[in-house]
Amino acid sequence: MTDSTGDKPLAGKLALVTGASKGIGAATAIELAARGAHVILTARDDRKLEQVEEAIHKAGGSATIAPMDLAEPDSVARLATAIAGRWDALDVLVINAAVFLPHTPVQDLDAKAFSNALTVNVLATQTLLAAFHPMLKKADAGKVVGLTSGVGANARAYWAGYGVTKAAFDSLLKSYALENANTSRIRTVLVSPGATRTEMRARAYPGEDPSTVKPPEVVAQFIANMLGEELPNGEILSVNPV
């Protein structure tokens, strides 16, 4: 759904959305395309990416899929090289892809699973910022949006496996925001979506009725609306529950 004016405020803009095959990532990609952006969709599942791309095209939008696994070495570098070879600047980078770990006591965390979560949620984020920083600097006003979680700022029992990665994710993006505040036009913001109807939410709260929480489209519209304004650099913004 576009905004009420029916215009295309993101026309001519290039956006990259990670984890765009489902949930908040897919909804955000569809919303940005509806507002005129050409959206590059990345995720591991190429079949689901194709479905999102088809939905965008059917609605009259423009998108390109780029299947990739953020845990694979050099995958981000290859993506950045391919994108830079076709476009000069990147206007929007939405870092949404994340690995969720089951609720587990700290002493019982599986080392391999925890390492993979740190790789995807933290190390790959730094790699994305490093790889696309030059293209973000070339944009009129490069914008970075990171999807975070309340458990990053507020520790919970049995949530350390996921919460630790989000705490590091937050710190990384806040530092990036501060570093660019006076040296470039890049602005960075974190979005905490709150209770949202996603597969990750279903794994975290298996007994919850999904109809009692907001759909991902609400978060997508929040992000798209925010991109039309000056970002509050380095802040965490919470999506109001509905």
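## Reading a helix, a cavity and a pocket

Author: Let's start with one residue: Ala-29 is found in helix H1. Keep in mind that this is a predicted model.

Reader: Happy to. Is Ala-29 buried or exposed?

Author: Ala-29 counts as buried, because its relative accessibility is 0%, and the cut-off for buried is under 20%.

Reader: Which residues is Ala-29 in contact with, leaving aside its neighbours within four places in sequence?

Author: Val-17, Ala-20, Val-39, Leu-41 and Ile-56 are in contact with Ala-29. For a sense of distance, take Gly-142: from Ala-29 it is 113 residues apart in sequence and 17 Å apart in space, C-alpha to C-alpha.

Reader: Now a whole helix, please. How do I read which way its residues point?

Author: An α-helix has 3.6 residues a turn, so residues three or four places apart point the same way. Try that on helix H8, which runs over residues 216-227 and has twelve residues. From first C-alpha to last, H8 reaches 17 Å, close to the 16 Å expected at 1.5 Å a residue.

Reader: Which residues of H8 are buried?

Author: Pro-216, Val-219, Ala-220, Ile-223, Ala-224, Met-226 and Leu-227 are the buried residues of H8. They lie on the same side of H8, because they cover an arc of only 160 degrees around the axis.

Reader: And what do the buried residues of H8 pack against?

Author: They pack against helix H1 (23-34), where we began, and against four strands: S4 (92-95), S5 (143-147), S6 (187-192) and S7 (236-238).

Reader: Let's turn to empty space. How is it found?

Author: Rolling a probe the size of a water molecule over the atoms shows where empty space is left. Here, the count comes to one cavity of 30 Å³ or more, and the largest cavity holds about 30 Å³ of space.

Reader: Which residues line the largest cavity?

Author: Its lining includes Phe-100, Leu-101, Pro-102 and His-103, along with Tyr-158 and Trp-159. By type, the lining divides into eight nonpolar, two polar and no charged residues.

Reader: How much space lies in the largest pocket?

Author: About 1100 Å³. The largest pocket is lined by 44 residues, and Asn-96, Ala-98, Tyr-162, Met-200 and Arg-203 lie nearest its centre. Elements giving two or more residues to that lining are H1, H4 (111-138), H5 (150-153), H6 (160-180) and H7 (199-204).

Reader: Which element gives the most to the lining of the largest pocket?

Author: H7 does, with five residues. The lining of the largest pocket divides into 19 nonpolar, 15 polar and ten charged residues.

Definitions and conventions
Residues are numbered from 1 along each chain as its sequence is written. This is a predicted model: local features need pLDDT of at least 70, side-chain atom pairs count only at pLDDT 80 or more; totals for chains, interfaces and linings use all residues. Side-chain values use heavy atoms; hydrogens and water are left out. The expected span of a helix is 1.5 Å times one less than its number of residues. Buried means under 20% relative accessible area, exposed over 50%, partly exposed in between (1.4 Å probe, protein chains only). The arc is that of the directions from the helix axis to the C-beta atoms. Contact means heavy atoms within 4.5 Å. On a 1 Å grid over the protein atoms alone, a cavity is a set of points where a 1.4 Å probe fits but cannot get out, and a pocket is an open set with protein on both sides within 12 Å along at least five of seven lines; lining residues have an atom within 4 Å of a point. Grid points are joined across faces, edges and corners, and a volume is the space filled by probe spheres set on the points. Ala, Val, Leu, Ile, Met, Phe, Trp, Tyr, Cys and Pro count as nonpolar, Asp, Glu, Lys and Arg as charged, and the others, Gly among them, as polar.
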